[in-house]
Amino acid sequence: MELDVSRGTDIAIVGATGKTGRAVADALDGVAVVRRLSRSAPGYPVDLETGEGLAEAFTGCRGVYFIAPNVHPDEPALLLRALEAAASAGVDHVVYHSVAWPYSPRMPHHMDKARCEDELRAFCNEHGMHWTILQPCAYAQNFEAVLDGTAADLAVPYSLDTTFSFISLDDVAEVAARVLIEGPELHHGATYELGGPEILSVRDVMRLVEAMTGRTVSMESIGVDEWMNLHSTGLGTDAQQRLSAMFEYYNDRDFLASGIVTAALLGRSPTPMRALIR
């Protein structure tokens, strides 16, 4: 990938200290000058709740990759502040990190993503900016501890037989980097759903780990309330409700996305789950 610097050189990542932001920044390192933005980021501290620091951090950037805090109660408001700052700073291209199946009325978190997609299109069209949307499915790395042998047990708040099109976070980051580097000439107005190369349940994944490594993995499906008691420390009521709705939806509908677009953007097959097991 070669960087076209005609519209500026730097690329800003909003939410750069989270796992997705770190992966995208790493994929861009050596190709572009990356500005890693978050509330605690050294050099570029920003506040999405107030918009403080955003315009300054975006000035001189050709592109912005926007990742909101997970299950935030008002993601559209955060995005709008970032878009206003990007417009005032002269940013040409905004890439929004959404989710597969954004329009899912039973999942408020996903519905906020759908609202954000609509706000992005409307704002950018009005202000003469370019936009792209990425809609990744569930990350394979959600089970990193079992995949690398750090943990030997797993409990999930939905059926072990719920199926997903798990995608490697590194593949998502590589796609994001390509979109940002190649820019709006190729990617303006595109919405890319990103799935992995296979449909697997959690049970399938754990059996694959056992078959490939000889390790024994203990797995169980637990109630949402029990899972919340174990994992929701620090989460407010709204965030817990959003997660609960998402887990309940998984039980009924699975969570699938095709890997065809992912393969086309990568120029290769998406990473299979077996390649992530160590």
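## A guided look at a predicted model

Ser-201 is found in strand E9, which covers residues 200-201. Keep in mind as you read that this is a predicted model. Is Ser-201 buried or exposed? Ser-201 counts as buried because its relative accessible area is 3%, and the cut-off for that word is under 20%. Setting aside residues up to four places away in sequence, Ser-201 touches Leu-160, Asp-161, Thr-162 and Thr-163.

### Helix H1 and its cover

Helix H1 spans residues 19-28. Which of its residues are buried? They are Thr-20, Gly-21, Ala-23, Val-24, Ala-25 and Leu-28. A general idea helps in reading such a list: an α-helix has 3.6 residues a turn, so residues three or four places apart point the same way. The cover over the buried residues of H1 includes strand E1 (10-14), strand E2 (33-37), E3, E4 and H6.

Let us pick one residue from this helix. Gly-21 sits in helix H1, and Gly-21 is buried, with a relative accessible area of 0%. Not counting neighbours within four places in sequence, the contacts of Gly-21 are Ile-13, Gly-15, Ala-16 and Ile-67. Gly-21 and Tyr-65 are 44 residues apart in sequence, yet their C-alpha atoms are 8.6 Å apart in space. After H1 comes Gly-30, whose phi is positive, near 90°.

### Two residues with positive phi

Now to the backbone angle phi. Most residues other than glycine have a negative phi. Val-71 and Trp-101 can be read against that background, and the table sets them side by side.

| Residue | Phi | Place | Relative accessible area |
|---|---|---|---|
| Val-71 | near 45° | loop between strand E3 (61-66) and H3 | 4% |
| Trp-101 | near 60° | loop between E4 and H4 | 25% |

In both rows phi is a positive value in a residue other than glycine. Val-71 counts as buried, whereas Trp-101 is partly exposed.

### A buried valine in a loop

Val-91 is found in the loop between helix H3 (75-89) and strand E4 (93-97). This loop residue is buried because the relative accessible area of Val-91 is 3%, and under 20% is what buried asks for. What does Val-91 touch, leaving out residues up to four places away in sequence? Its partners are Phe-58, Cys-61, Arg-62, Gly-63, Val-64, Ala-86 and Met-129. For one of them, Phe-58, there is also a distance: the C-alpha atoms of Val-91 and Phe-58 are separated by 7.0 Å, although their positions lie 33 residues apart along the chain.

### A buried aspartate

Asp-171 has its place in helix H6, residues 169-182. With a relative accessible area of 2%, Asp-171 is buried. Which residues is Asp-171 in contact with, leaving aside its neighbours within four places in sequence? The answer is Leu-266, Arg-268, Pro-270 and Thr-271. In the case of Thr-271, its backbone nitrogen lies 2.7 Å from a polar atom of the side chain of Asp-171.

### The largest nonpolar core

In soluble globular proteins, nonpolar side chains tend to be buried together. Here the largest nonpolar core has 38 residues, and those with the most contacts inside it are Phe-143, Phe-166 and Phe-247. Helix H5 (144-147), strand E6 (153-156), helix H8 (202-213), helix H9 (224-231) and helix H10 (237-253) each supply at least two residues of this core. The largest share, six residues, comes from H10. To see part of the picture, look at Phe-143: apart from neighbours within four places in sequence, Phe-143 is in contact with Leu-154, Val-156, Tyr-158, Phe-166, Val-202 and Met-206.

### The largest pocket

Finally, let us turn to empty space. About 1300 Å³ of space lies in the largest pocket. How many residues line the largest pocket? The lining has 49 residues, and Lys-19, Asn-70, His-109, Tyr-139 and Asn-142 lie nearest the pocket's centre. The elements giving two or more residues to this lining are helix H1, helix H4 (108-127), E6, H9 and H10. By kind, the lining residues divide into 28 nonpolar, 15 polar and six charged.

Methods. Residues numbered from 1 in each chain as written. Predicted model: local features only at pLDDT ≥ 70, side-chain atom pairs only at ≥ 80, totals over all residues. Heavy atoms only, no water. Buried < 20%, exposed > 50% of the residue type's maximum accessible area, 1.4 Å probe, protein only. Polar contact = N/O pair within 3.5 Å; in protein donor to acceptor, adjacent residues only side chain to side chain. Contact = heavy atoms within 4.5 Å. Core = buried A, V, L, I, M, F, W, Y, C linked by side-chain atoms within 4.5 Å. 1 Å grid on protein atoms, 1.4 Å probe; cavity = no way out; pocket = protein on both sides within 12 Å on 5 of 7 lines; lining within 4 Å. Points joined across faces, edges and corners; volume = space filled by probe spheres on them. Nonpolar A, V, L, I, M, F, W, Y, C, P; charged D, E, K, R; others polar.
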